[in-house]
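Q: Got a minute to go through this fold with me? I'd like to talk about empty space, cysteines and odd backbone spots.

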Amino acid sequence: MSYTRTTSLLSLGMVLAMSALVWADADDDQLIVNDEIEMITEAAAPDHMENLDTLYSGWRFRSDETQAFQMDDFDNPAMVFVEKAEEVWNTAEGSEGKACASCHDAPDTMAGVRAVYPKWNEDAGEVRTLEMQVNNCREEQMGAEAWKYTGGDMANMLALISTVSRGLPMNVAIDGPVAETWEKGKEIYYTRFGQLELSCANCHEDSYGQMIRADHLSQGQINGFPTYRLKNTKLNTVHARFKGCVRDTRAHTFAPGSPEFVALELYVASRGNGLSVEGPSVRN
């Protein structure tokens, strides 16, 4: 069978599948963690959004049972990994004999950090994700080995850094020196990939709120990352999820930490400006 005919059949299959979508809008539930941290799960879309008027956290598209896990830290399975990161935070590593605490004191000094990443790093002259900054600290300040970009140690530390920003609104800059990278990320977001010829926007902008198979499509917001997925029972990072999404279109995917995924993260993070930092969240 020719490539053209194969692609046509795959595209037809997707059309038929999409035609079977069932509408199920975001619910009206309110997310308050530990009865004290109020989360903004619905907000007016920022001015740079072209096709959405209202933002919804992915939490609003989950079942009541899944939502409940995130409402109490005692029930949230991700908090086990936060506790592991707290131990690492205070453990000296590398040739310099330093721990994270040596420079940053307690983790709560990082409040607000998660809300503004990815961001421009003036000294490096580049857009950096939080993972890039963590590894820079490990290598340059601690003399320690860099962690795997999507590895467990990295996911745990990101979860710890996120917890101290929970409830604060995402506020990722898109202008100035990051503008070129943001535009690249936007282009990737709307580009169709793979044999299924799907873009990020096809699911998370055109079809959010609909049920496809057993999944309730959200807007693909990343304010809740890292997120504990019940599907694979572990913390998942943003680029690991990007990789899985692109792979699902039956395309060759970009590598975690690549310029393409850094740009895409910047753009997608900015789409959630105004929603609260939720990480570590719980999703299907």
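What follows is a short chat about a predicted model.

Q: How many cavities of 30 Å³ or more does the structure hold?
A: One. About 130 Å³ of space lies in the largest cavity.

Q: Which residues are closest to the centre of the largest cavity?
A: Arg-114, Leu-158, Phe-225, Val-238 and Glu-265, out of 14 that line the largest cavity. Helices H5 (130-142), H6 (152-163) and H10 (259-271) each give two or more residues to that lining.

Q: How does the lining divide into nonpolar, polar and charged?
A: Eight residues are nonpolar, three are polar and three are charged.

Q: Ok, back to H5. Which of its residues are buried?
A: Leu-130, Glu-131, Gln-133, Val-134, Asn-135, Arg-138 and Met-142. Their cover includes strand E6 (119-121), strand E7 (126-128), H6 and H10.

Q: And what span should H5 have, at 1.5 Å a residue?
A: The 13 residues of H5 should span 18 Å, and the end C-alpha atoms are 17 Å apart, so the two values agree. H5 is followed by Gly-143, which has a positive phi near 65°.

Q: Switching to cysteines. How many disulfides are there?
A: Zero.

Q: Why is there no bond from Cys-200 to Cys-245?
A: Because their sulfurs are 7.0 Å apart, too far for a bond; the cut-off for a disulfide is 2.5 Å. Cys-245 is the cysteine with the closest sulfur to that of Cys-200.

Q: Is Cys-200 buried or partly exposed?
A: Cys-200 is partly exposed, at 25% relative accessible area. Cys-245 also counts as partly exposed, at 31%.

Q: Now the backbone. Where are there cis peptide bonds?
A: One runs from Tyr-117 to Pro-118, with omega near 0°. Pro-118 is in the loop between helix H4 (100-104) and E6. Another runs from Phe-225 to Pro-226, also with omega near 0°, and Pro-226 is in the loop between strands E9 (215-216) and E10 (227-229). Phe-225 came up earlier, among the residues closest to the cavity centre.

Q: Which residue other than glycine has a positive phi near 55°?
A: Asn-34. Asn-34 is in the loop between strands E2 (32-33) and E3 (37-38), and is partly exposed at 25% relative accessible area. Thr-233 has a positive phi too, about 50°.

Q: Where is Thr-233?
A: In the loop between E10 and strand E11 (234-236). Thr-233 counts as exposed, at 51% relative accessibility.

Q: Why flag those spots at all?
A: Because most residues other than glycine have a negative phi, and most peptide bonds are trans.

Technical notes:
Residues numbered from 1 in each chain as written. Predicted model: local features only at pLDDT ≥ 70, side-chain atom pairs only at ≥ 80, totals over all residues. Heavy atoms only, no water. 1 Å grid on protein atoms, 1.4 Å probe; cavity = no way out; pocket = protein on both sides within 12 Å on 5 of 7 lines; lining within 4 Å. Points joined across faces, edges and corners; volume = space filled by probe spheres on them. Helix = DSSP H or I, 4+ residues; strand = E, 2+ residues; numbered from the N terminus. Nonpolar A, V, L, I, M, F, W, Y, C, P; charged D, E, K, R; others polar. Expected span 1.5 Å × (residues − 1). Buried < 20%, exposed > 50% of the residue type's maximum accessible area, 1.4 Å probe, protein only. Contact = heavy atoms within 4.5 Å.
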